[in-house]
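User: Hello! I am new to this structure and would like to go through it step by step. Could you help me?

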Amino acid sequence: MDELEVTNHGVPEALQEAVMDACKQLFSLPMEEKEEHIHAGPMDPIRIGSGFYSVMDAVAFKRDYLKMFTHPDFHCPAKPAILRDIAMEYSSCTRVLLLQLATAISRSLDLAGGRLSEALNLESCFQILVGNHYPGCSRPDGEAMGFLAHSDHGLLTLLFQNGVDGLQVKHDGRWVLAKPLPGSFFVIAGDQMEIVTNGRYRSALHRVVVGGEQARMSIVSLIGPCLDAVVEPLPEMAAADGKGLEFRGIRYRDYLEKQQSKQLDEKAALDLVRCRLHS
Ligand SMILES: O=C(O)CCC(=O)C(=O)O
Ligand SMILES: [Fe+2]
């Protein structure tokens, strides 16, 4: 598994819609209402960004985003006022689901259900909520990269979108469009999954291609290990596959800081902890 889709997930559809609506309201607030979070750095708990990410034929494509840390401490911009309660509920509902997925994944590796949680101290997991908004383009005569190819830094990412496609995942060397069923979630394995499983489950390389007239929105809920956990391949995994350790240990906080301090470059961040380079 590097990515999969879940339906019947127990997160109410009305809550999914509410969180998307609240993010939409945030993006349309006047600039001065968002100012204090716009100059935030990557490790600040609330960050709002907006920028042109590519220009093609003199048409600029833009992406707005909101990033907020929601666990172990919950942070949220003061405006729009409705965001706080909705984001808190959404974050706790999706955290429950993500932790259940971690248990199922642990079992799929012939480990006890709680093994991943125990190794990564998921009770104190780090969680982020991200809202992405890619405005429609008035001259939809070209495609542009909405989000460069990357893997997520955490353990597991849960994503849903409005009706506008654009997310692509690399599969066997080819980019494949993710077409989720309405209401379902896309689950994406992150870099910490690749490290802790010693490469048994690889983090998924994904990107966003946009350019149509309609705006795309996506909401991401991501969990990672406890920020202070040292993430390293589980000894059982390294022993079982007999190929030795592929990664050395790193504190998740250090990984995150290093990954965030550089331009996204596919899966280059994992090279920081790779024991030997694979061809
Ligand atoms: O907008 C999307 O579908 C992808 C967003 C994404 O990959 C991310 O926020 O890490
Ligand atoms: Fe991503």
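User: What percentage of the 279 residues of the chain count as buried?
Analyst: This is a predicted model, and a residue counts as buried when its relative accessible area is under 20%. By that cut-off, the share of the 279 residues that is buried comes to 51%.

User: How confident is the prediction, as an average pLDDT over the chain?
Analyst: Happily, there are several scores to look at. The model has an ipTM of 0.98 and a pTM of 0.94. A pLDDT of at least 70 is reached by 93% of the residues. Where pLDDT is low, the predicted coordinates should not be read in detail. Averaged over the chain, pLDDT is 91.

User: Is the chain compact or extended for its length, judging by its radius of gyration?
Analyst: Let's begin with the parts: the chain holds seven helices and 13 strands. For 279 residues the globule rule gives 19 Å, and the radius of gyration of the chain is close to that at 18 Å, so the chain is as compact as a globular protein of that length. The C-alpha trace spans about 55 × 40 × 35 Å along its principal axes. In answer to your question, then, the chain is compact.

User: Among contacts between residues at least 6 apart in sequence, what percentage join residues at least 24 apart?
Analyst: A contact here means heavy atoms within 4.5 Å. Of the contacts between residues at least 6 apart, those joining residues at least 24 apart make up 78%.

User: Which helix gives the largest share of the largest nonpolar core?
Analyst: In soluble globular proteins, nonpolar side chains tend to be buried together. Here the largest nonpolar core has 74 residues, and Leu 66, Met 68 and Tyr 90 are among those with the most contacts inside it. Its largest share is nine residues, and they come from helix H3 (residues 83–108).

User: Which leucine with a number above 80 does Leu 66 touch, leaving out Leu 129?
Analyst: Leu 66 has partners from several parts of the sequence, including Cys 23, Phe 27, Ile 46 and Val 130. Leu 26 and Leu 129 are also touched by Leu 66. The leucine you are asking for is Leu 83.

User: Which residues coordinate the iron ion (ligand 2)?
Analyst: In sequence, the donor residues are spaced H-x1-D-x53-H. Two of them, His 150 and Asp 152, are buried. The coordinating atoms lie at 2.1 to 2.2 Å, with NE2 used by each histidine and OD by the aspartate. The three residues are His 150, Asp 152 and His 206.

User: Which prolines in the loop between S3 and H3 follow a cis peptide bond?
Analyst: Most peptide bonds are trans. The bond from His 71 to Pro 72 is cis, with omega near 5 degrees, and Pro 72 lies in the loop between S3 (59–71) and H3. Lys 79 and Pro 80 are also joined by a cis bond, with omega about -5 degrees, and Pro 80 sits in the loop between S3 and H3. The prolines are Pro 72 and Pro 80.

User: Is Asn 198, with its positive phi, buried or exposed?
Analyst: Most residues other than glycine have a negative phi. Asn 198 has a positive phi of about 55 degrees and lies in the loop between helix H5 (191–196) and strand S10 (206–210). Its relative accessible area is 0%, and the cut-off is under 20%, so Asn 198 is buried.

Terms used. Residues are numbered from 1 along each chain as its sequence is written. Chains are lettered from A and ligands numbered from 1 in the order in which they are written. Side-chain values use heavy atoms; hydrogens and water are left out. pLDDT is the predictor's confidence in each residue, from 0 to 100. A nonpolar core is a set of buried Ala, Val, Leu, Ile, Met, Phe, Trp, Tyr and Cys residues joined through side-chain atoms within 4.5 Å. Buried means under 20% relative accessible area, exposed over 50%, partly exposed in between (1.4 Å probe, protein chains only). Helices (H or I, at least four residues) and strands (E, at least two) are DSSP runs, numbered from the N terminus. Donors are N, O and S atoms within 2.8 Å of the metal (3.2 Å for Na, K and Ca); water is not among the atoms, so sites may look incomplete. The radius of gyration is taken over C-alpha atoms; the globule rule is 2.2 Å times the number of residues to the power 0.38. Lists of a residue's contacts leave out its neighbours within four places in sequence.
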